[in-house]
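Please work through the exercises below with the sequence and the model open beside you, and try each task before reading its solution.

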Amino acid sequence: MLITLNQAAQKLKSANKILITSHIQPDGDAIGSSLATLQIICALGKPAQIFIDDDIRKNLHFLPFFNEIQRPTENINFDADLLLVLDTSPDRIGKIRDFINAPILNIDHHVTNKNDAGDLYLDSDAAATCEIIFALANELNAKITPEIATCLYTGLATDTGFFQFSNTRAKTLKTASELVNCGVKPNFISENMETRSLNEVLNMRTALNSLKIFYGGKVAGMLLDLQTMQNCESTEGFIDLIRVIDGVDVAFLISERSKNVCRVSMRSKGVDVSKIANNLGGGGHIRAAGCTLYKNLDDAEKILVEAIGKTL
Ligand code: 5GP
Ligand code: MN
């Protein structure tokens, strides 16, 4: 059921023990919003914990209270009376859903949110879930410490491509400005986020070597096979290498994660890629979306290129 931000704040206030989670393949917004909310809830005097059912890329380990994040194990034992799901619908939180029965409070900015579990506060105009959490903190009269501000700014910056994408609005920049007033050092966050291992840059080279152009230059794609992926800790940002090609509307990256499991990322300058992803069982935003195709790399490429072609 859709609720207001004020109702979401009331639900947090009336809960006793809160379990926070976010999506698998977590990004800066997923982790930033989880860590900021943890601190806000703890300042309300309530116990809370974060469980994320996936690895978290090294660039995010600098965030304040990062070590509070736990991986769920079979014997997870947390008697929370509220499950707070951030930056995704509750269908992308991995094992967490099976471990805990508490009512769900979902806070998200994805236009593709399925709204099929618990209470949902959805603001699809928000550039990032972190932008919503900033408003929620104000609703709760919570003090924005430099640590909370650092987490929120990181999510805001990463989901907007450091304030370059079309989701960057006046409100986004105003929120960023207020967070800087609260103690954020933008250069510190940028430097942490842009650092890559040599191996990652070499994998970028492999990705670029796989570049293919379709539909007279409107679509560009890269393919990473299982062998390459086994030596690749993250593909974050790879797609941006080809998103920028003059004349390209849709860019995609397909990475083979295991036999017949291919992850797809898409970026666009015009076409609504969230619709394409949604039709293929995934989701996302108009200009950034993804899905998983349970096919081999060749078939995944065929299916995706055809699906993109129908929208051009
Ligand atoms: P990325 O390409 O960076 O992995 O994802 C781009 C956007 O699409 C993000 O907002 C991400 O949350 C969303 N997204 C990516 N893959 C999926 C998916 O399989 N399902 C859904 N619902 N959203 C996805
Ligand atoms: Mn997000």
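The exercises that follow treat the ligand site, the metal site, the cysteines and some single residues.

This is a predicted model, in which local features need pLDDT of at least 70 and side-chain atom pairs count only at pLDDT 80 or more, while totals for chains, interfaces and linings use all residues. Residues are numbered from 1 along each chain as its sequence is written, chains are lettered from A and ligands numbered from 1 in the order in which they are written, and side-chain values use heavy atoms, with hydrogens and water left out.

**Exercise 1. Describe the shell around ligand 1, and state which polar contacts reach the ligand.**

Solution. Begin with the residues near the ligand (those with a heavy atom within 4 Å of it): there are 13, of which His110, Arg263, Ser265, Arg267 and Gly283 come nearest.

Next, look for polar contacts, here pairs of N or O atoms within 3.5 Å. A polar side-chain atom of Arg267 is 2.9 Å from an oxygen atom of the ligand, whereas polar backbone atoms serve in the case of Gly283, at 3.3 Å from a ligand nitrogen, and of Gly290, at 3.4 Å from a ligand nitrogen.

Then consider cover: ligand 1 taken alone exposes 500 Å², and the protein buries 83% of that, with areas from the Shrake-Rupley method and a 1.4 Å probe.

Finally, assign the shell to elements, which are DSSP runs numbered from the N terminus (helices, H or I, of at least four residues; strands, E, of at least two). Strands S10 (261–268), S11 (283–284) and S12 (288–293) each give two or more residues, and S12 gives the most, with 4 residues.

**Exercise 2. Identify which residues coordinate the manganese ion, and say where Asp29 and Asp87 lie.**

Solution. Donors are N, O and S atoms within 2.8 Å of the metal (3.2 Å for Na, K and Ca), and since water is not among the atoms, sites may look incomplete. On this basis the manganese ion (ligand 2) is coordinated by Asp29 (OD), Asp87 (OD), His109 (NE2) and Asp159 (OD), at 2.2 to 2.3 Å.

In sequence these donor residues are spaced D-x57-D-x21-H-x49-D. Asp29 and Asp87 link distant parts of the chain, 58 residues apart, with Asp29 in helix H2 (residues 28–43) and Asp87 in the loop between strand S4 (82–86) and helix H3 (96–99).

Both Asp29 and Asp87 are buried, where buried means under 20% relative accessible area, exposed over 50%, and partly exposed in between (1.4 Å probe, protein chains only).

**Exercise 3. Determine how many disulfides the structure holds, and examine Cys130 and Cys182.**

Solution. With a disulfide taken as a pair of cysteine sulfur atoms within 2.5 Å, a search of the whole structure finds 0. For Cys130 the nearest cysteine sulfur, that of Cys151, is 7.7 Å away, and for Cys182 the nearest, again that of Cys151, is 13 Å away.

Cys130 counts as buried because its relative accessibility is 1%, while Cys182, with a relative accessible area of 24%, is partly exposed.

**Exercise 4. Locate Gln25 and Gln39, and describe what is notable about each.**

Solution. Gln25 lies in the loop between strand S1 (18–22) and H2, and has a positive phi of about 50° although it is not a glycine; at 33% relative accessibility, Gln25 is partly exposed.

Gln39, by contrast, is found in helix H2 and is buried, because its relative accessible area is 10%. The side chain of Gln39 reaches the backbone oxygen of Leu35 at 3.1 Å, and a polar atom of that side chain lies 3.5 Å from the backbone nitrogen of Ile148.

Technical notes. Polar contact = N/O pair within 3.5 Å; in protein donor to acceptor, adjacent residues only side chain to side chain.
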